[in-house]
Each structure stands twice: as structure tokens, then as C-alpha cells.
Amino acid sequence: MASFGNIYDTVVGFAPDGLEWAAFVVACLILAFIVINAAIMTTALYVWFERRVLGRFQNRHGPNRWGPFGILQPIADILKLITKEDVIPDVADKRVFNLAPIVLVFPGLLVFSVIPFGEQSFLGKLNVGVLFVLGVTGINTLAIIMGGWASRNKYALFGAIRGAAMLVSYEVPMALGLVGVVIMAGSMALSDVVNSQNVFFIVVQPLGFFVFMAAALAEMSRAPFDMIESESELGSGYHTEYSGIKFALFQLAEFMAPIVVAVVATALFLGGTRGIDPIPGQVWFLLKAFALLFVLLWTRATWPRLRVDQIMGFAWKGLFPLSLVNIFVVAIEAFIFQEADGTISSGSLWVMTGINWIVFIGAIVFIANLLGQGKLRREGAPTPSPLANMAAEAD
């Protein structure tokens with residue numbers, strides 16, 4: 001796997017004396033080119049994979065015309081979008097309107113630059129990697145507001161406001177869900193988190209993993225949390241007025257989001273490149289990330305869209321208290337089982353695992369009862385009569 005150090009050493013070998021700074025700049029540009037193109041090509045491949053798998057889930061073929069098994073369909077789609085007319089509303093704030101798709105795409109590309117795909121990641125060790133990922137991905141909220149507000153369209157603005165409310169709400173439990181990981185790793189560097197997982201954190205902290213993945217699913221604005229677009233009542237949400245290449249950038253960001261979540265969760269909870277020899281660590285990383293992608297896709301194909309009040313209630317009444325429970329339990333366990341050198345023995349890890357699974361099952365059962373279907377019925381909504389239920393069953 002290419003690393004910044006290897007590329008820098010290669011470039012500096014050709015640089016004259018006194019121009020090491022130029023070698024640094026060239027190495028950065030080469031690295032950026034590799035990261036951006038790898039991310040975009042992976043996203044294009046994932047678009048094809050998702051559409052094929054969703055077709056199987058829904059008992060249809062999916063894309064199967066362009067190329068063998070339809071694998072060239074993403075290329076056909078991007079060519080179509082590039083050649084479509086780029087329409088900008090007369091009343092739109094053109095500068096903000098044009099900038100919004102770019103702002104939405106670049107956080108995902110930045111996250112790829114700090115993921116440890118090996119002993120040396122692309123840009124090396126960042127000692128606040130967890131905080132960096134959380135901070136960068138929070139820019140999505142700003143991009144959605146920019147797109148909705150600059151369009152001067154009430155439906156786009158409603159979708160943007162909905163999105164801002166949801167994204168800000170779910171950023172809180174998502175960040176708190178990672179506190180347990182930082183406590184156990186003793187560091188916010190992603191490489192240190194990977195190296196500290198003698199037992200994968202998904203096993204030791206199932207509650208933290210559940211909170212993070214559920215919140216990340218909402219941050220991606222995908223089913224069952226896709227109320228930002230809401231084509232049934234808002235046309236297409238915040239990107240209603242977008243077309244052509246700008247719409248393609250929005251779609252690139254949307255389909256890149258599951259890949260970003262999968263690779264981040266792989267590093268934080270699935271041990272990253274750690275695996276069984278002689279299979280290379282990068283292969284293990286890709287297999288774990290692919291498994292998470294399939295679970296995210298399965299979730300999208302299974303669950304219907306939730307109501308706005310259900311989505312907000314799940315954030316503040318469900319995930320937020322669960323994240324606090326996880327923090328308190330892991331902090332107490334670390335205080336009890338942590339040794340003088342800051343490590344936790346293997347025996348203590350398995351004891352923590354047993355305790356955390358009991359807490360996880362109990363907390364999920366409690367929250368499920370708290371947020372059951374009867375509790376989620378809106379105030380004043382009429383209760384269906386037994387006769388109506390019989391008629392519905394007969395239909």
C-alpha cells in the first residue's frame with residue numbers, strides 16, 4: 001500500500017538541493033490524486049453493486065444493459081449527467097448554489113486520507129484522527145443548508161431545514177458512541193485504536209457499535225432516515241433545483257457516504273487491518289468493510305422511511321441515553337480493570353465483554369419498550385377500530 005513516506009522519498013530523490021519543499025508539495029499532489037481517484041472509482045463500483053443487490057431484494061434484474069452484468073452502467077450515468085443542461089434558477093444565489101455540491105463531496109475525500117490501511121496510512125499518523133473524522137463529516141450539514149437556501153425554493157429549503165435538524169441531532173450520539181473506543185484505546189489516533197484491538201471493539205462494546213452505526217446511518221440520510229430528500233412530499237428535498245454535473249456531485253457524496261462509514265467503522269470497531277496470517281492486512285480490511293457495506297445495504301432494502309417525529313425521537317430518546325450508558329459502563333470497567341501501564345489483560349477484556357453484552361441486551365430491550373409502536377403514535381391520532389383492522393387484514 002502506498003504511503004506518504006514512500007512517495008515523498010521517491011520524489012525527493014529527484015529534487016535538487018534546497019527544493020525539498022517542492023518535493024513535499026509534489027508528493028501531496030500525487031497522494032491527493034491517488035486518494036480522490038480511488039475513492040471515486042470505488043464509489044462508482046459500489047453504485048453498480050448496490051443497484052444490482054437492490055434489484056435482487058426487490059425481485060428484479062437491476063442494471064444489466066451496459067457492459068457485462070451492467071457493470072458499465074455508472075459510466076453511462078455519469079456521461080448522461082455531464083451532457084445534461086446545467087440549469088440554475090434566476091432567483092438563486094449562484095455562488096452558494098454552485099459551491100454546495102463541492103462542499104458536500106470533499107469531507108468524504110478528506111476522511112479517506114487519514115484511514116490507516118496499513119502500517120503507514122496515506123498521510124501518516126494523525127493523533128486526533130477520531131476527532132478529525134467527526135469534525136470533517138459535520139460539514140455535511142452546512143452543505144445541505146447551502147444547497148436548500150441558495151435554491152430559493154420552499155421545498156428545497158424545507159428539506160434542508162429537516163436535514164439540518166436531523167444531522168445535528170444524530171451527530172451527538174454518534175460522537176458519544178465513540179467515547180468508549182477512545183477510553184479503551186487510550187488515544188484518538190486511528191492507528192493506535194487499530195493496534196489496541198487485541199479483541200475487536202465490536203465484541204467488547206456492542207452497544208457503542210450499535211449507537212455509532214445507527215447514528216451514522218441517519219447521517220448518511222439513507223432509508224429508513226431519508227427524510228431529507230422525501231420525494232413524496234418535497235419533490236427531492238434540498239437538491240430539487242439541481243441538474244447535470246452538480247446533481248452528479250450530490251449523488252457522488254450520497255453513495256460515497258456508506259463507504260466512508262464502512263471504512264471508519266472497520267478501523268474503530270473491527271480491528272482495521274488486523275487479521276489472520278498469511279492473508280495481507282489490506283485484504284482483511286476490505287473484507288470487513290464490504291461486510292459492513294452489505295449490512296447497510298440490507299438495512300436500506302428492508303426498512304421503510306420513518307416519520308420525522310420518529311426519527312427525532314429515536315435520536316434523543318433512544319441513541320442518546322444508550323450512548324451515555326455505554327460511556328459510564330466502559331469508564332467504570334476501565335477504572336477497575338486497567339493495569340498500571342494503561343493496558344487491559346485478555347482475561348479482563350473477556351469479563352468486560354460479558355458485562356457489556358448483558359448491558360447491551362438489557363438497554364436495547366428497555367429502549368424498544370420505551371419507543372414501541374404504541375408510544376410512537378402521534379398525539380390525538382385516532383385508534384383503529386377492530387372492524388377496520390379486520391377489513392385491512394381481509395384486503
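Which side chains meet in a salt bridge with a distance of 3.1 Å, N to O? Select Asp226 and Arg305, whose side chains form that bridge, a salt bridge being a side-chain nitrogen of Lys or Arg within 4 Å of a carboxyl oxygen of Asp or Glu. The pair links distant parts of the chain, with Asp226 in the loop between H11 and H12 and Arg305 in the loop between H14 and helix H15 (308-337), 79 residues apart.

Before going on, note that this is a predicted model, in which local features need pLDDT of at least 70 and side-chain atom pairs count only at pLDDT 80 or more, while totals for chains, interfaces and linings use all residues. Residues are numbered from 1 along each chain as its sequence is written, and side-chain values use heavy atoms, with hydrogens and water left out.

Colour the chain by secondary structure next, and 18 helices and zero strands appear, taken as DSSP runs (H or I, at least four residues, for helices; E, at least two, for strands) numbered from the N terminus.

Stay with Asp226, which counts as buried at 17% relative accessibility, whereas Arg305 is partly exposed at 29%; buried means under 20% relative accessible area, exposed over 50%, and partly exposed in between, with a 1.4 Å probe and protein chains only. Ser221, in the loop between helix H11 (206-219) and H12, touches Asp226 as well as Met166, Leu167 and Ile228, not counting residues up to four places away in sequence, where contact means heavy atoms within 4.5 Å.

Now select Glu50 and Arg300, whose side chains meet in another salt bridge (2.1 Å, N to O). This bridge joins helix H2 (residues 20-57) to helix H14 (residues 281-302) across 250 residues. Glu50 is buried at 1% relative accessibility, and adding Arg222 to the selection shows a network of salt bridges linking Glu50, Arg222 and Arg300.

Move to Tyr238 and Phe250, an edge-to-face aromatic pair with 5.3 Å centre to centre and 75° between the planes. Rings of Phe, Tyr and Trp (its six-membered ring) pair if their centres lie within 6.5 Å, and planes under 30 degrees apart count as stacked, over 60 as edge-to-face and the rest as tilted. Both Tyr238 and Phe250 are buried, and ring pairs link them with Phe97 and Tyr242 into a cluster.

Finally, follow Phe97, one of the buried residues of H4, along that helix (residues 94-112) to Ala100, where the helix bends by about 30° and Pro101 follows within four residues; the bend is the angle between axes fitted to the seven residues ending there and the seven starting there.
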